[in-house]
Every structure is written in C-alpha cells, then in structure tokens.
Amino acid sequence: MGFFSKARDVEVETAAQPVELQEEIPSLPTPLTSTVIATGLTVSGTLEGEGVIQVEGVVKGKIILNGAVIVTATGSIEGPVTANVIQIAGSIRGNCVAREHMCLEKTGSLEGDVTTTSLIVHDGGRLNGRSNMVKEIAAAPAAPAADDELQFGSNYQAEDKEQKK
C-alpha cells in the first residue's frame with residue numbers, strides 16, 4: 001500500500017477531557033510609570049513626579065523625581081536633578097541629589113556637585129564638581145495640601161493668605 005492509495009473512512013474517538021476550573025489570576029503590582037525622552041527631542045521646563053525617566057534627547061530644566069533618572073549615551077540634561085537613583089551614560093550640567101544611589105558610567109559626565117549615599121564612578125566617567133557623601137537623604141516631600149479651593153475665570157480673587165487668617 002502506498003501513500004497515494006484510496007482514503008478509507010476512519011472513525012476517530014475523542015476522549016472527553018475533564019474541565020479544569022481556573023482559579024482567579026492574582027493581579028500584578030502596578031508598574032512605575034516610565035517616560036522616554038527620545039533622541040532628537042528637547043524638553044524645557046520642570047519635570048516632577050514618580051517613576052522612571054529615560055533621557056535619550058535633551059532636557060533643559062529641573063527634574064524632581066521619586067524614582068529613577070537614566071541618561072543614555074545620547075542624552076543630556078542641563079539643570080539640577082533630584083531622584084532616588086541617577087544613572088549617567090550621557091551628560092548632566094547641574095547639581096545632582098541621588099537619595100539612594102548614583103552611577104556614572106564610563107561614557108558619562110557630570111559637571112556639578114553630587115549629594116548621595118552611594119556613588120560609583122566607572123573608569124572613564126568624568127565628575128567635575130564636588131561629591132558630598134551622606135548617610136541618609138530624606139524622602140521626597142509630599143505635595144503641599146491645598147487649603148483653599150481653586151478659583152478660575154470670573155470667580156478668581158487675588159488675596160494674601162495673611163488677610164484670610
């Protein structure tokens with residue numbers, strides 16, 4: 001009998017498989033927000049918040065972050081940086097405060113002072129400034145509580161806080 005012989009009717013029995021009840025899948029923890037400032041992009045102003053910022057382009061201004069700032073080899077920051085973790089493979093021109101850890105990679109350069117609890121400067125990394133090693137840096141302050149309602153448009157009234165008290 002060859003491969004191309006006439007087909008025969010063949011009955012195939014399928015075995016009934018038991019139905020498994022699936023347990024609820026536990027929810028995953030919410031990941032930190034991630035932001036990428038891409039190559040060729042320039043951002044000016046203050047960046048403030050939580051999460052991870054990866055700078056591949058240019059930032060001109062202040063960064064205050066509860067999280068990590070990663071400056072890639074193509075990235076540069078012109079202004080002060082405050083974050084839990086700062087990793088520099090590009091360049092920063094400004095003072096840095098790393099609450100937990102700072103790493104200056106072999107292609108990285110920092111022109112400014114650094115305050116941190118842990119500092120690593122790889123062979124080739126350039127630090128042009130002072131380093132201040134501290135035991136612990138206080139966590140980022142919480143946003144100030146608003147003691148008044150926001151006023152917009154025709155409802156806006158300029159008052160000194162001293163006059164209200």
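A search of the whole structure, which is a predicted model, finds 1 salt bridge. In this salt bridge the side chains of Arg130 and Asp113 meet, with an N to O distance of 2.9 Å. The two residues are 17 residues apart, and the pair links distant parts of the chain. Arg130 lies in the loop between β13 (126-128) and β14 (131-133), while Asp113 lies in the loop between β10 (109-111) and β11 (114-116). The relative accessibility of Arg130 is 60%, so this residue counts as exposed, the limit being over 50%. Asp113, with a relative accessible area of 24%, is partly exposed because this value falls between the limit of 20% for buried residues and that of 50% for exposed ones.

Strand β10 and strand β13 also belong to an open sheet of 6 strands. The strand order in this sheet is β2-β4-β6-β8-β10-β13, and the pairing is parallel. The edges are formed by β2 (42-44) and β13; each has a single partner strand, so one side of each is left without a neighbour in the sheet. On average, and with direction ignored, neighbouring strands of this sheet are turned by 5° against each other. Within the sheet, strand β6 (residues 76-78) and strand β8 (residues 91-93) pair in the parallel sense over 3 bridges. Ile77 has Ile92 in β8 as its bridge partner.

Parallel pairing is also found among β1, β3 and β5. Strand β1 (residues 34-37) pairs with β3 over 4 bridges, and Val36 stands opposite Gln54 in β3. Strand β3 in turn pairs with β5 over 9 bridges. Here Glu48 is placed opposite Ile64 in β5. In general, strands of a sheet pair through backbone hydrogen bonds, in either a parallel or an antiparallel sense.

The bridge partners Ile77 and Ile92 recur in the largest nonpolar core, which comprises 20 residues. Together with Ile86, these two residues touch the most other members of the core. At least two core residues are supplied by each of β3 (47-55), β5 (63-71), β7 (81-88) and β9 (96-104). Ile86 falls within the range of β7. When neighbours within four places in sequence are left aside, Ile86 is in contact with Val69, Val81, Ile92, Cys96, Val97, Ala98, His101, Met102 and Cys103. Ile92 thus appears both among the contacts of Ile86 and as the partner of Ile77 across the β6 and β8 pairing.

How values were computed
Residues are numbered from 1 along each chain as its sequence is written. This is a predicted model: local features need pLDDT of at least 70, side-chain atom pairs count only at pLDDT 80 or more; totals for chains, interfaces and linings use all residues. Side-chain values use heavy atoms; hydrogens and water are left out. A nonpolar core is a set of buried Ala, Val, Leu, Ile, Met, Phe, Trp, Tyr and Cys residues joined through side-chain atoms within 4.5 Å. Buried means under 20% relative accessible area, exposed over 50%, partly exposed in between (1.4 Å probe, protein chains only). Contact means heavy atoms within 4.5 Å. A salt bridge is a side-chain nitrogen of Lys or Arg within 4 Å of a carboxyl oxygen of Asp or Glu. Two strands pair if DSSP finds at least two bridges between them. Axes are lines fitted to C-alpha atoms, for helices over the stretch in contact, and angles run from 0 to 180 degrees between N-to-C directions.
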